[in-house]
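Me: I would like a close look at the cavities in this model, with the helices and sheets described after that. Please keep the account plain.

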Amino acid sequence: MKRTINKVAVLGSGIMGSRIACHFANIGVEVLLLDIASKELNEKEEKAGLNLDHPKVRNRIVSDSFQSAIKAKPAALYHKKFAKRISLGNFDDDMPKIADYDWIIEVVVENLDIKKKVFDQVEKHRKAGSLITSNTSGIPIHLMLDGRSEDFQKHFCGTHFFNPPRYLKLLEIIPTEKTDPEIVDFLMRYGDLYLGKSTVLCKDTPAFIANRIGIYAILKVIESMQKLDLTVDQIDKLTGPVIGRPKSATFRTSDVVGLDTLVKVANNLYQALEQDEGRETFNLPEVVGKLEQNNWLGDKTGQGFYKKTKNEKGKTEILTLDLKSLEYQPKQKAKFATLDLTKSIETVRPRFKVLLGGKDVAGEFYRDSFFALFQYVTNRIPEVADELYKIDEAVCAGFGWEVGPFETWDEVGLEKSLTQMEEMGYQPNEWVKEMIASGATSFYKVEDGIRKYYDIGSKSYQPIPGKEDFILLDNIRKTNVVWENTGVTVFDIGDGVLNLEFHTKMNTMGGDVVLGINKAIELAEDGYRGLVIANEGVNFSAGANLGLIFMNAIEQEYDEINFMIAQFQKTMMRVRYSSIPVVVAPHGLALGGGCEMTLHGDRVQAAAETYIGLVEVGVGLIPGGGGTKELTKRVSDAIETGDVELNALQNAFMNIATAKVATSAHEAFDMNILRRGDGVSLNKNRQIADAKQKVLELADAGYTQPVQSKSIRVQGRTGMALFLAGVNGMRMGEYISDHDVKIAKKIANVMCGGELSYPQDVSEQYLLDLEREAFLSLTGEKKTLERIQAIIQGGKPLRN
C-alpha cells in the first residue's frame, strides 16, 4: 500500500521523546507530544489560584519538557520556528487524538508494565493501519505484543533513536516475527530518505546492535586501561579524534551522557548475556561502583571523571579523577611516541596500522582493546546480525565513530594481525579463518565503483544494500578520476556531470585548490553538462589557508597577497559566471572562503547539518573572496521598487561584522546565504546525488551563462552615516575594541560603495575592488596578525 506520514504522535516527553518530536518537526511533520497529566499543584500554580483541572496544570509535565528541549544546546530544532509544528497534551485528555495520526511512537519510561498500559490506550484509539513503534533501548520488542490485536502486531516494531536524535544518525529498526515485512521496508526507507538516518535492521537481542557493541568497546577500554596502568587523561587522548571518535573520547563522553546510563546498560547486559563469552567485561569494575555510590555521575551532578572548579585566581580549571586514589588532580597533558608517528597522517584510516604497531604502552593499549573488539564482533554474527556491515554501520552512526570494527581490522591488515591476536589470547570466530582460507583477505572491497562486504552465508562478496542511490567518492576513486593535484580531485560522477573534491587539511583553500576549481570548470565547459563541488570530509571547508596569508604578511609581501586575493575573487566569479551550471554542496563547517564558494554557486544543495557563515572578522579581516560583495548584491536584488531597505542591509552588515554562523541549513536561509531554489539534504550520504540532480535539472532547463551585474544599488555616505553611528555606539559601550571598529568601518565602506555622495548603482567588480583593498589593508595590522597566529597555533578553524 502507498503510505505517507503527515502526522506523528510521540507518547512520552522526556529527554528522548521531546527531542524525537523536535526532529519530526524538523522535517515538516505535524507532531502531537503527550505525557502524563499532573496529579498535584506546584507552588507557582497554587499562588496563581489554579486547580488540577486547569489545562496549564494538566499539561505542565509535557510543557516543561518541551521548553527544556527547545532551549537545549546543541539545538534540537533546525530552526526555532519549527516548534510551532508541535502540539502538546496529556494521556488522559488527548489520547483520542491519535486516531488522526499516521505513526504513534512510544517513548515512556523503560518499564514493560507501564509500556503495556500505554499500549492499552493506544489500542483503544488508533486507526487501523497506523504505525506503532517503541523507542525502547533495552526491553525485548516481542514482550510488548502480549494482549495486542492482530492489526497492532502487524504494524508494530522497535524504532530505536539515539540521543540527541538530530545529531546521531542511527535509527535501529527491530521487527518481531509478526511485523508485516512491508512495514519494515517502509521504515527502513523512510528513516533514510526523510529522517536523514542510517537505518539498520536489527534482531531482537539484548541492546540490539549499537549499544551491545559500543558499550562493550567502552568497557574493554577501561579494562585495558587498568591492565596497563593508564590514566583518565591518557585514555581520552588515545580514544578521541586520533582514531576517528568524538573529541569527548571515553570518559568525557561518560560525563556528558551520565555514568548512571552506562551503569544501567552494562548491568542489564551482564544479567541478560549468560552465554556471551565477553560477559565479564560487562561486569563493571569496582571503581565505577564507587563513583556511582558517591553520586559522581558527570555533568548532571557537577563531577564525574572530570570536575570543573576555580583556582585561587578565580580562573576555571578542569580537574581529572585519579581512579586509584579517587582524588581530583590538575589535568595532565598525555604524550605518546606512537601518537607522534601519526601527526603527519591527516586522515583516520591509515593511522590504524601505525597505532596498533606502536612499540610503547599506547601500542599495547590499542592492540589489547582492538583485538578484543575484533574477537567480540566476529562472535556476534549471526547472533545480533547476519551481515557484518550492519555492525559497522550501527556503531558508527550511533556512537559517532568514523570507522567501524571490521573496517578498522581491514586497515590494520586482517592476515597480518591474526597471528598477533592469537598470541595475545584473542581468538576470532571460526568463520574468519574460513574466509581467509577461501582467498578472501578483507571484509570489504570495491569492485566497479560498488562497495561490497563479505557475506558469511554465501561465502562471497555482495553489494551493501540500500546504497544504490548514493554517490560515494571513495567507491570511484580508482576508476572515475578525470584530473587531480595535491589539493583536489575531479571525478566523473555520471550523466555528464563532474564532481570537484577538496582534500587539503580541513579542506582549506590555497593555490592548489584555486587551480583545481578553475580546471574543473574548464573541463566541464569542454564536454560535460555541469559541475558539483562537494566532498566527503568531516567539513566542507574551513576557509582560506591562513598560513599563506600570515607568511606573506610577516614578510610584507603585500603585492603577493593582493595577487592571491584577486585570484580568489576571479575564481569565485568563475564559479558564478561559467557556461555550465555549478552546484555547491556544503556540509559541516563551511566558513569564510567555504561560505563564499557557496554564495557563488548557481544553486546550493546543503546538508541539513551545515554550519556556515562569513567569519573573517574573527581574525581581524573582512570577507575578501566576494562574500561582502555578494551579500550587498543580494540585498539590492531584493528591491522591487524604490531604494534599498536599510534594515536588510544592516542585517547583512551585522552578519558579517559579528561573524555570525548559521547552525543549520535552515538558519542559512534567514541569513540570505541560501535562497529560494536551493535544497537541503537530510541524509548526508545522499547529498552528492541530490546535487547532481540539481545540475541536470538546470542543464535540462536550458542553462545559459549569467551576465555580471552592473546595477547593484549602494547607499554611499548616507548608509555609511547610519552604520558608523551604530559602530561608534558599540565602542562607547565597550562592546567592541578599537580594532573591531576599524574592521567594521571597512565592511561598511564596501557595502555602501565607498565615498559616494549619494545612492547609486555600481558593478560587481567595483565592489570586489573595494573588498580587496580593505582586506589587503587589514593584513598589515598588528592585531590582525596576532589573531591569525593564534588560530594557526591553536589548529582551530576560522571561527569567532
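Reply: What follows takes the cavities, then a helix pair, then two sheets.

The model is predicted. A search of the whole structure turns up two cavities of 30 Å³ or more. The largest cavity holds about 70 Å³ of space, and the second largest cavity holds about 40 Å³.

Take the largest cavity to begin with. Its lining consists of Ala217, Val221, Thr239, Ile243, Arg245, Phe365, Ser369, Phe370 and Leu373. Two elements give two or more residues to this lining, namely helix H9 (210-228) and helix H16 (361-379). The largest share comes from H16, which supplies four residues. Sorted by class, the lining of the largest cavity has six nonpolar, two polar and one charged residues. Arg245 is one of the residues that line the largest cavity.

The second largest cavity is lined by another list of residues: Leu614, Leu631, Asn655, Ile656, Lys660, Met671 and Ile673. By class, five of these lining residues are nonpolar, one is polar and one is charged.

Helix H9, which gives residues to the lining of the largest cavity, also meets helix H12 (residues 259-272). The axes of H9 and H12 come within 11 Å and cross at roughly 110 degrees. That crossing makes H9 roughly perpendicular to H12. On the H9 side, the residues in contact are Asn211, Arg212, Ile215, Ile218 and Leu219. On the H12 side, they are Leu262, Val265, Ala266 and Leu269. The contact of H9 with H12 comprises seven nonpolar, one polar and one charged residues.

Now to the sheets. One of them is an open sheet of eight strands, in the order S3-S2-S1-S4-S5-S6-S7-S8, and its pairing is mixed. Strand S3 (86-90) and strand S8 (198-201) are the edge strands, each pairing on one side only. From one strand to the next, the twist averages 25 degrees. Within this order S1 stands between S2 and S4. Strand S1 (residues 7-11) and strand S2 (residues 30-35) run parallel and are joined by five bridges. Val8 has Val31 in S2 as its bridge partner.

Helix H1 (residues 15-26) lies across several strands of the order just given: S1, S2, S3, strand S4 (103-106) and strand S6 (156-161). Relative to S2, H1 runs at about 170 degrees.

Another open sheet is formed by three strands in the order S12-S13-S14, with antiparallel pairing. Strand S12 (444-447) and strand S14 (460-463) are at the edges with a single partner strand each, so one side of each has no neighbour in the sheet. Neighbouring strands of this sheet are turned against each other by 40 degrees on average, direction ignored. S12 and strand S13 (residues 450-455) run antiparallel, and four bridges join them. Glu447 stands opposite Ile450 in S13.

To return to the part you asked about, H9 takes part in two of the places described. H9 is among the elements giving two or more residues to the lining of the largest cavity, and residues of H9, including Ile215 and Ile218, meet residues of H12.

Note on methods
Residues numbered from 1 in each chain as written. Predicted model: local features only at pLDDT ≥ 70, side-chain atom pairs only at ≥ 80, totals over all residues. Heavy atoms only, no water. 1 Å grid on protein atoms, 1.4 Å probe; cavity = no way out; pocket = protein on both sides within 12 Å on 5 of 7 lines; lining within 4 Å. Points joined across faces, edges and corners; volume = space filled by probe spheres on them. Nonpolar A, V, L, I, M, F, W, Y, C, P; charged D, E, K, R; others polar. Pairing = 2+ DSSP bridges. Axes fitted to C-alpha atoms, helices over the stretch in contact; angles between N-to-C directions. Parallel < 35°, antiparallel > 145°, perpendicular 65-115°, else oblique. Contact = heavy atoms within 4.5 Å.
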